[in-house]
Amino acid sequence: MRRIAYVFGSLAAAGAGTYLVVYLYRWQWQRAILCGILLLVVEVMLLGIVLLARLTRIEERVKESDARQRELTERQEDVLVRLRQGSVEREGARFRWLEETTDRTYVFVPVLMVTGVLLSGLAWVVQRIAAATGRPAERRLAGRLAVLAAPEQPGVVGELEDPPALGRRAKRRTARVAVVGVVGAALLAALVVGLADLTQTREQSASGSEATSVLVQVDVRGADMTAERQALAAQQVWERCRDSTSVPLNHATLGSLGDGMFAGVVRPALAEHDRMRLRGCLEDAALDRAHLTVMGMGDTDADDD
């Protein structure tokens with residue numbers, strides 16, 4: 001189930017990111033904002049799924065550790081109870097030979113103790129003699145084995161660890177990561193530069209035509225959307241988009257042709273980049289229950305009717 005959520009979340013994020021770039025290219029800011037919010041929501045959802053999975057694994061590990069600790073505690077208690085029971089059972093049998101009342105002479109234990117003391121003293125004397133006579137031999141052996149000793153490493157105590165192997169696999173992995181990082185950075189830089197070039201406001205060269213004509217169709221939803229409300233929606237969107245181009249549209253009119261069709265005339269004539277910006281602004285989802293579609297856009301001269 002988690003993998004399915006990852007797949008759908010990744011597909012949703014890829015779609016939202018793609019349409020975000022498309023709407024930015026088309027200068028449709030409202031739709032771009034919606035796609036950006038959707039992308040952010042999907043990313044937060046994926047992050048939440050990952051964190052939830054991590055927390056679940058941590059909780060399972062804590063439960064397993066508690067279960068092992070309880071099991072160990074129960075074993076310890078069981079062993080302690082058994083030891084106590086055994087000690088109680090053996091308590092009456094300690095030094096039974098001292099409790100006997102027969103007339104026997106117990107000389108075995110004192111003799112054994114004296115013999116142990118004498119043997120310990122003899123072993124101490126032998127050890128001291130061996131230590132005094134064996135030091136030169138130990139030094140000679142240490143001198144011979146010094147060439148086989150590993151070099152000392154600062155901060156390393158205990159057994160020596162093998163140094164990490166830097167073979168062909170490690171080098172290939174490092175090279176692969178470097179190549180992927182460079183390619184990813186190049187693609188990201190190209191995307192940023194391309195979007196900046198497409199969405200920047202630049203000065204447009206003068207066109208040979210005097211005006212640009214725009215044919216717009218207005219689609220509305222709702223039973224109360226009459227022709228007057230349809231015309232009002234078209235005028236609102238048209239007035240809002242008059243300042244969306246690099247050239248201010250001071251002389252721009254919009255007239256109704258009937259059946260939801262409207263025609264506008266823009267002076268001075270718009271260049272190609274300004275046309276794209278005006279189209280994107282008109283077709284953007286900026287008005288409730290109304291949508292404008294640009295049916296056509298072209299230049300007109302003074303001789304055209």
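**Exercise 1.** How many residues apart are Lys63 and Glu59 in helix H2, and what does that spacing come to in helical turns?

*Solution.* Keep in mind that this is a predicted model. Start with the helix: H2 covers residues 29-91, and Lys63 and Glu59 sit four residues apart in it, which means that about one helical turn separates them. Next, check the atoms. The closest N and O atoms of Lys63 and Glu59 are 3.6 Å apart, and the cut-off for a salt bridge is 4 Å, so the pair counts as one. Finally, look at the surroundings: Lys63 is exposed at 52% relative accessibility, while Glu59 comes out partly exposed at 44%.

**Exercise 2.** Take Glu71 and Arg75 and work out how they are placed in their helix and how open each one is to the outside.

*Solution.* First the contact: the two side chains form a salt bridge, with 2.7 Å from N to O. Then the placement: Glu71 and Arg75 are both in helix H2, four residues apart, so about one helical turn lies between them. Now the accessibility. Arg75 has a relative accessible area of 53%, and the exposed class begins over 50%, so Arg75 is exposed. Glu71, at 39%, is partly exposed.

**Exercise 3.** Find the elements that hold Arg275 and Asp299, and say what their pairing ties together.

*Solution.* Begin with the distance: Arg275 and Asp299 make a salt bridge whose closest N and O atoms are 2.2 Å apart. Now locate the partners. Arg275 belongs to helix H7 (residues 272-283) and Asp299 to strand E4 (residues 290-300), so the pair links parts 24 residues apart in sequence. As for accessibility, Arg275 has 22% and is partly exposed; Asp299 has 33% and is partly exposed too. To round off the salt bridges, a search of the whole structure turns up three.

**Exercise 4.** Is Gln28 buried or exposed, and which residues does Gln28 touch once those up to four places away in sequence are set aside?

*Solution.* Place the residue first: Gln28 is in the loop that runs between helix H1 (2-25) and H2. Its relative accessible area is 2%. Buried means under 20%, so Gln28 is buried. Now list the neighbours, leaving out residues up to four places away in sequence: Gln28 touches Tyr23, Gly280, Glu283 and Asp284. Compare two of these with the range of helix H7, residues 272-283: Gly280 and Glu283, both touched by Gln28, fall within that range.

Methods: Residues are numbered from 1 along each chain as its sequence is written. This is a predicted model: local features need pLDDT of at least 70, side-chain atom pairs count only at pLDDT 80 or more; totals for chains, interfaces and linings use all residues. Side-chain values use heavy atoms; hydrogens and water are left out. Helices (H or I, at least four residues) and strands (E, at least two) are DSSP runs, numbered from the N terminus. Buried means under 20% relative accessible area, exposed over 50%, partly exposed in between (1.4 Å probe, protein chains only). Contact means heavy atoms within 4.5 Å.
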